[in-house]
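Open the model in your viewer and keep the selection panel at hand. Each stop names what to select, then what is there.

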Amino acid sequence: MSLPGVRFRSHQPLTFRDDLIESAESWIGAYSRVEIETGNQIDYKLGELASGLRSGAVDPVGAAALAREAMGLGPSDFVSDICGLLEKNGIKVLTLPIEYDGFFGFSMAAGGHGPAMMVNCWKGAPVERWISTAAHELGHLFLHPDSYDVNVLDEDEEQAREANVFATHFLMPDALFDAQWEAARGSALVDRVFKVKRDFGVSWKTVVFRVASRSHDKSVWTQMNAAYKRRTQLSLRGTDEPEPLRRAAFGPHAPAATIASDDSEYLASADFLGGRLLALVRTSIEAGELSLERASVLLGVDLETLRKLQGKVN
């Protein structure tokens, strides 16, 4: 396997792990070829800053604040279109719909054609999980750049915890969260939680966890569950995501199809072109910088497939 700098770890063994990594390798190579050919490479804006964190002197909360600032987010800015934000800052984002609830995504370290990440955007998972997965993988890229090894299969629980803390504070910095929570004061608890979750693009559990942590009052969990059951006559399970976000909250990267987990062809041609890569190809063809034939060679996608996608490309 020629992508040694991959962090792909799971609590459950995945039979399709190698297939996905090979698909990602093909995709990232094609993406880089298009960037080079069209002169549109983007430097990884967090690379030097991340290198300075390797001593572990900055905690995940502080690291999230540093990353936000380096990516041009102000104290009162929400993270909207997280994929666009990542790609604007030199992190390539691949989305594929893998019909497997236990697999969220993985990332590839800086160096070579990276950094990059793959996010599982299958229709059975809420958009909130797609967003948190992208933020989680950003946490690993930023906090743990030396931990990338394709041969390591087991997740480091402490690093996973740090990446989760980073992700929630990258999406919801304390001051902005407090302001939004206070602004929703007076609403019923369920409405207040759901409003704030929509504001930040996170799950209801993430909001309640932050409220409980900030107030040091764990009873908010019981209050939320009881209030939701009074309203709907249903229990609020941990896997539930009422009033889910629309795909647009994730950005223009979400693929339309769903690929079964036992399908060996994970990198479907229709899913290969997405996000910034699609924009680069489309713009370059329109500007006469690339022909369909040349784009076909660079992407490793046959001409017939590109012509079928001409509605997207041209």
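The tour has three stops: a pocket, a pair of cysteines and a glutamate.

Keep in mind throughout that this is a predicted model.

**Stop 1: the largest pocket**

Start with the largest pocket, which has a volume of about 1,400 Å³. Its lining counts 47 residues. Select Phe 104, Arg 129, Ser 132, His 136 and Asn 164 to find the centre, since of the lining residues these are the closest to it.

Next, colour by element. Which helices and which strand each supply at least two residues of the lining? Strand E4 (105-111) does, and so do helices H5 (127-143), H6 (157-171) and H9 (204-215). Highlight H6: the largest share of the lining, nine residues, comes from this helix.

Now recolour the lining by residue class. How do the lining residues divide into nonpolar, polar and charged? There are 14 nonpolar, 18 polar and 15 charged residues.

**Stop 2: two cysteines**

Search the whole structure for disulfides and you get zero. Select Cys 83 and Cys 121. For Cys 83, the nearest cysteine sulfur is that of Cys 121, 6.7 Å away. From Cys 121, the nearest cysteine sulfur is in turn that of Cys 83. A disulfide needs the two sulfur atoms within 2.5 Å, and neither Cys 83 nor Cys 121 is in one.

Switch on the surface. Are these two side by side in the selection list buried or exposed? Cys 83 is buried, because its relative accessible area is 0% and the cut-off for buried is under 20%. Cys 121 has 1% relative accessibility, so this residue counts as buried too.

**Stop 3: Glu 241**

Move to the loop between helix H10 (219-232) and strand E6 (259-260), and select Glu 241 there. Glu 241 has 15% relative accessibility, so it counts as buried under the 20% limit.

Add Ala 125 to the selection. Ala 125 and Glu 241 are 116 residues apart along the chain, yet their C-alpha atoms are separated by 9.4 Å.

Then show what surrounds the glutamate. Beyond its neighbours within four places in sequence, Glu 241 is in contact with Pro 126, Glu 128, Lys 197, Ser 203 and Trp 204. Draw two distances from the side chain of Glu 241. One goes to the side chain of Lys 197, a polar contact of 3.1 Å. The other runs from a polar atom of the Glu 241 side chain to the backbone nitrogen of Trp 204, 3.2 Å away.

Key
Residues numbered from 1 in each chain as written. Predicted model: local features only at pLDDT ≥ 70, side-chain atom pairs only at ≥ 80, totals over all residues. Heavy atoms only, no water. 1 Å grid on protein atoms, 1.4 Å probe; cavity = no way out; pocket = protein on both sides within 12 Å on 5 of 7 lines; lining within 4 Å. Points joined across faces, edges and corners; volume = space filled by probe spheres on them. Helix = DSSP H or I, 4+ residues; strand = E, 2+ residues; numbered from the N terminus. Nonpolar A, V, L, I, M, F, W, Y, C, P; charged D, E, K, R; others polar. Buried < 20%, exposed > 50% of the residue type's maximum accessible area, 1.4 Å probe, protein only. Contact = heavy atoms within 4.5 Å. Polar contact = N/O pair within 3.5 Å; in protein donor to acceptor, adjacent residues only side chain to side chain.
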